[in-house]
Amino acid sequence: MLTSIGRGALSFIRYLGELAMLAVDTVISVVVAPFRWRLLLRQIAEIGFHSQTVVIVTGMFTGAVLTAQTFFQFSKIGMSTAVGSVVSVALFRELGPTLTGLMVAGRAGASIAAEIGTMKVTEQIDALRALGVHPTDYLVVPRVLALLIAMPLLVMECVGMAILASYLVGTQVLGISGPYFMNNVIKYTGARDIKMALVKGLVFAVIIALVSCYEGLNAKEGAVGVGRAPTEAIVIASLSILIVNFFLSFALNMIFPAG
Amino acid sequence: MISVRDLHKTLGTQEVLRGIDLEIVKGETCVVLGRSGGGKSVLLKHFIGLLQPTSGQVLVDGEDIAGLPERKLGAVRKKVGMLFQSGALFDSMNVEQNLAFPLREIGIRDRKTIAERVHEALDMVDLLGAETKMPENLSGGMRKRVALARTIVSRPGCILYDEPTTGLDPITSDSINHLIRRLQRRLQVTSVVVTHDMHTAFHTADRIAFLHEGRVHFLGTVDELRASSDAAVQDFIQGRSGDCD
């Protein structure tokens with residue numbers, strides 16, 4: 001029992017260490033290697049642009065259902081006009097970044113791990129190395145930078161769409177006064193909430209990029225190995241996002257205290 | 001050009017290479033023969049730094065590349081090209097882009113020069129007209145040819161061939177063998193061919209190194225190999241497993 005716990009702990013520490021090595025290599029690569037604009041733009045389109053549908057749909061339905069549930073509770077104590085502010089703050093500080101992170105981990109993270117994993121088992125990564133190209137420069141850096149650029153924008157898009165859906169459901173379905181709704185949203189949502197969402201988006205971008213690239217680069221031989229890489233990437237990135245989000249919420253609440 | 005000294009490599013718990021000493025002379029074609037799983041490809045990958053030895057030296061033009069960090073191997077890798085067993089074409093690029101890639105990586109930016117070099121390389125492998133094809137639309141033999149064109153397009157001084165005819169039919173294999181020989185004559189490159197295909201070995205080799213039990217068991221010319229009385233060498237040439245029905 002103790003042996004298996006110890007073995008699990010060691011393998012977890014080794015995994016963290018290898019992720020940290022990849023992070024260091026990525027930073028070195030950004031500094032010393034030639035910048036590949038085309039690859040970056042292609043990745044921004046692939047990761048950012050093509051993730052919009054899933055992020056918008058997730059944001060809108062989450063905003064709508066959160067509004068409905070909040071309204072059902074608040075209306076009992078005559079506070080239905082406060083729904084907008086509660087929904088807005090919850091979306092900026094927690095739900096927006098977390099749900100966007102989970103959606104992007106599922107869509108882009110899986111795609112990154114599968115693509116790099118396939119390149120690994122078909123010797124394309126060895127071919128890159130044989131041609132004098134460092135795999136981190138060519139494969140990891142563009143994806144990390146693309147996620148760092150795309151994630152904050154996707155988080156804002158998710159939150160924006162969620163608030164729009166919240167407004168529509170609140171005013172058109174639940175009968176909340178539109179001006180009161182918007183007034184409360186603006187009054188109780190501050191720059192601190194937007195900053196918190198952006199910081200979380202950036203942190204989740206790093207988690208998704210590093211975990212997905214790592215899983216791809218370390219894919220085992222054969223169809224099973226390539227198939228396992230995206231699954232592992234989604235599971236590890238999603239769990240990491242949820243766990244890191246908990247600690248990040250407390251830490252960021254000290255820097256950007258809720259209004 | 002390339003030499004290895006007392007090269008040992010352990011993968012997992014298995015010692016694959018057990019003290020290899022081999023020198024590849026500039027301009028020759030050296031074939032590394034041996035059974036499947038005998039460490040031929042592992043040895044070849046050491047020549048270009050894709051694998052690092054457990055111990056021993058790998059000298060490329062006199063420079064020991066064993067233990068060099070990945071970022072310092074770039075210069076060596078520009079001198080030595082490698083044809084992978086699977087071809088390893090970049091499947092997100094068409095044939096032309098695959099060939100242009102190494103040229104851009106060595107700093108050639110002029111589109112006309114790149115187009116000329118790509119055309120020249122495709123001409124050498126008899127694949128003119130295949131520029132816009134994607135790798136998934138190529139046959140096994142064509143993939144090997146395109147991969148070979150990608151290897152030679154940047155004009156390396158040495159080409160490493162990892163099982164160039166594995167998985168190909170006899171006719172296509174023969175055309176690849178002729179191509180290897182033709183390229184060697186035209187480009188005057190040093191070549192190392194890893195194979196277990198006797199036809200490829202006899203057709204392309206100036207010298208043959210026979211790997212057995214992790215060591216160079218025999219080193220000599222094709223005629224010397226044929227005349228060898230060594231049991232392991234003869235069993236391999238004749239394809240005798242020693243198993244009974």
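**Exercise 1. Determine whether the length of helix α9 of chain A agrees with the span expected for its residues.**

Solution. Helix α9 of chain A runs over residues 222-255 and holds 34 residues. The expected span is 1.5 Å times one less than the number of residues, which gives 50 Å for this helix. The end C-alpha atoms lie 47 Å apart, so the two values agree. Helices here are DSSP runs of H or I with at least four residues, strands are runs of E with at least two, and both are numbered from the N terminus.

The model is predicted: local features need pLDDT of at least 70, side-chain atom pairs count only at pLDDT 80 or more, and totals for chains, interfaces and linings use all residues. Residues are numbered from 1 along each chain as its sequence is written, while chains are lettered from A and ligands numbered from 1 in the order in which they are written.

**Exercise 2. Locate the bend in α9(A) and state what its buried residues pack against.**

Solution. First, the bend is the angle between axes fitted to the seven residues ending at a position and the seven starting there; in α9(A) it is about 25° at A:L248. Next, a residue is buried if 20 or more other C-beta atoms, placed from the backbone, lie within 10 Å of its own, exposed if 12 or fewer do, and partly exposed in between. The buried residues of α9(A) include A:V226, A:A229, A:A233 and A:I241. Finally, these buried residues pack against α4 and α8 (191-217) of chain A, where contact requires C-beta atoms, placed from the backbone, within 7 Å.

**Exercise 3. Describe the overall make-up of chain A.**

Solution. Chain A has nine helices and zero strands. Its C-alpha atoms fill a box of roughly 70 × 50 × 35 Å along the principal axes. Of its 259 residues, 47% count as buried. Among contacts with a separation of 6 or more, 89% join residues 24 or more positions apart.

**Exercise 4. Characterise how α4(A) meets α6(A).**

Solution. Helix α4 covers residues 83-121 and helix α6 covers residues 135-173. Their axes come within 8 Å and cross at roughly 140°; axes are lines fitted to C-alpha atoms over the stretch in contact, and angles run from 0 to 180 degrees between N-to-C directions. The contact has 17 nonpolar, six polar and one charged residues. Ala, Val, Leu, Ile, Met, Phe, Trp, Tyr, Cys and Pro count as nonpolar, Asp, Glu, Lys and Arg as charged, and the others, Gly among them, as polar.

**Exercise 5. Place A:T81 in its surroundings.**

Solution. A:T81 sits in the loop between α3 (52-74) and α4 of chain A. A:T81 counts as partly exposed because it has 17 C-beta neighbours inside 10 Å. Leaving aside residues up to four places away in sequence, A:T81 touches A:I176, A:S177, A:Y180, A:F181 and A:N184.

**Exercise 6. Describe the side of chain B that touches chain A.**

Solution. The contact takes 15 residues from chain B and 11 residues from chain A. On the chain B side, α2 (74-79) and α3 (95-105) each supply at least two residues. The residues of that side divide into eight nonpolar, two polar and five charged.

**Exercise 7. Give the phi value and exposure of B:Q188.**

Solution. B:Q188 lies in the loop between α6 (170-187) and β8 (190-195) of chain B. Its phi is positive, about 55°, although B:Q188 is not a glycine. B:Q188 is exposed because 10 other C-beta atoms lie within 10 Å.

How values were computed. Contact = placed C-beta atoms within 7 Å.
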